[in-house]
Amino acid sequence: MNKEEIKKIADLARLEISDEESGKFATEIDSILSYIDQLKEAKVSEDSSRIENANVRNVMIEDGEPHSKGENTKALIDEAPDSQDHLIKVKKILNN
Amino acid sequence: MDLSNLTIKKASELLRSKKLTVKELVHFYLERIEEKKDLNIFLETYPDLEEQIVLAQEKIDNGNATEITGIPIAVKDNILIKSKKASGASKILEDYKATYDATVISKLREHSPIFIGRVNMDEFAMGGSTENSGFGVTKNPIDKTRVPGGSSGGSAASVAADLAVFALGSDTGGSIRQPASFCGVTGLKPTYGSVSRHGLMAMASSLDVIGPITKNTEDAEIVFNIIKGKDIKDSTTIESEDSKEGSVPEISNKTVKKIGVPRDFMKEGVDPEVLENFEKSLKKLSENGYEIVDIEMPDLKYSLPVYYVIMPAEVSSNMARYDGVKYGKKIEGDDLIGDYFKTRGGLLGSEVRRRIILGTYVLSAGYSDQYYNKAWQVRNLITQEFENAFKEVDLIAMPTSPTPAFKIGEKTEDPVSMYLADIFTVSANLAGVPAISIPDGTVSREEKDLPTGLQLIAPQLCENKLFEVGKNFEII
């Protein structure tokens, strides 16, 4: 791992990162990855699927009316850093 | 009246026999919290305590009290209580107020305990020392120069220092058991899915579970029986064995006779005195009728590397929600994407960002087979290994942590050495099985007696076996 790779990943993860910190992360993540590399020695059968655990399955719930319309709107919008007229406010996405 | 070391049982008897009022009990703890401020355990005591006290006292006076009515409980800062602050010990949620109750909170609320305040933790539960909190490290009540463990360090320290009768924590890789062991209290990580995660800030969703930190096993059982159960708001919750229709399955009904010890797994990296306490505990158990046998679990050694792939992968997905748009704080950028970069880069702590980067990397194109998919395959092997072991033995025993509480700052510069503190706890999360840490002695360091913990692990949904042996262990 080098600084540039860390910066590229931080970019994908939408994290601003300083030059100094990307250097520090590169060293640290390298040592974590070399620890994780033990996994290569673990013997798993070629055809073993990723999720074969019987407890992991999709659970569906019926659509219904869980609560009346607008019941939680104010409380939820109040937690947004920026709002206007009961809507969350963000910066313009498209330029003219 | 001496109110130190109160258990739920004892406190409840005092309240119900009218030897003590709820107000007196709560004020005892509030004064203790004030006295112990330098330990930095509480982030806040809640502003509505007087109302809670009135409600609980009414219940007691009307004869409607249960065991936890009027009992002060500390809540880990990643569990939501409606209209109260919950920050996950992160700057990004510093002023966030929860808009609903977590399921565990509504279940507890029916009994009117006293939610006395929220306690410190590693930011978004990432860490094993509480040093990663956005609001300063919590100090171990037994030795202020040492960490209380983590991530539920505030929860464990609050119970150990008599600042609450019990606490709620969350456990993703050891975050209830390891701090319980470091602080000399009892911590239960329930079966994955036995307790609803609704209203718990998600860290690694396939591993997270809420559980109690208490003075003893009996209290852990009381709290677990209140908070467990299927919840329509968490699709991964499962029915507990005793609430299923029909007969209780044989596996959970059998009394514990045989306890297995995976000795090969404990050969390296364990403090000799911790191991000595562990052997003494085994001897005690064997002298009291339990058969202790060696078992082989050769894939256990992969638990920690598997954990450090799956956990950051899930972290990187779950942390995507903190973008400065929906809730929490925002740092202004030049445009919308600039807001994201500045907010996340500026307000998430370095451990959280390190894990997001690691998780994004192991999930990225070209690496996901090598890391993420392989880790899941090995996770299945480990789960299988537990299932096989439980065909031979009723419980598995290991130390909770390879060392006693370490010094503040000792491991902050070396993430891998910090991660190794979880070596004995992560496997129970990977396999989804329940585990408990019970105090089993102390080791002496610089004239301080630092607690160690005995960890017992049971098959899925067999918490009753942990309680059975735990309660016996405490009296022998």
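Guide: A crossing is left-handed if the near helix is turned anticlockwise from the far one by less than a right angle, and right-handed if clockwise. This is a predicted model, where local features need pLDDT of at least 70 and side-chain atom pairs count only at pLDDT 80 or more, while totals for chains, interfaces and linings use all residues. Residues are numbered from 1 along each chain as its sequence is written, and chains are lettered from A and ligands numbered from 1 in the order written.

Visitor: OK, in which hand does H2(A) pass H12(B)?
Guide: H2 covers residues 19-36 of chain A, and H12 covers residues 350-363 of chain B (helices are DSSP runs of H or I, at least four residues; strands are E, at least two). The crossing of H2(A) past H12(B) is right-handed.

Visitor: And are those two parallel or oblique?
Guide: Their axes, lines fitted to C-alpha atoms over the stretch in contact, lie 11 Å apart at an angle of about 60°. Under 35 degrees would be roughly parallel, over 145 roughly antiparallel and 65 to 115 roughly perpendicular. H2(A) and H12(B) are therefore oblique.

Visitor: Which residues of H12(B) meet H2(A)?
Guide: Contact takes C-beta atoms, placed from the backbone, within 7 Å. The residues where H2(A) and H12(B) touch are five nonpolar, two charged and no polar. From H2(A) come Phe25(A), Glu28(A), Ile29(A) and Ile32(A), and they meet Arg354(B), Ile357(B) and Leu358(B).

Visitor: Zooming out, which helix gives the largest share of the side of chain B that touches chain A?
Guide: Across the two chains, 47 residues of chain B contact 38 residues of chain A. H10, H11, H12, H13 and H14 of chain B each supply at least two residues of that side. The largest share, ten residues, comes from H13(B).

Visitor: What radius of gyration does chain B have?
Guide: The C-alpha trace of chain B spans about 65 × 60 × 55 Å along its principal axes, and 60% of the 476 residues are buried (20 or more other C-beta atoms within 10 Å; 12 or fewer is exposed, in between partly exposed). A compact globule with 476 residues would come out near 23 Å, which agrees with the chain B value of 21 Å.

Visitor: Last one: how does Lys448(B) count, buried or partly exposed?
Guide: Lys448(B) sits in strand E11, residues 448-457 of chain B. Beyond its neighbours within four places in sequence, Lys448(B) contacts Ile142(B) and Asp143(B). It has 16 C-beta neighbours inside 10 Å, so Lys448(B) counts as partly exposed.

Note on methods. Axes fitted to C-alpha atoms, helices over the stretch in contact; angles between N-to-C directions. Nonpolar A, V, L, I, M, F, W, Y, C, P; charged D, E, K, R; others polar. Rg over C-alpha atoms; globule rule 2.2 N^0.38 Å.
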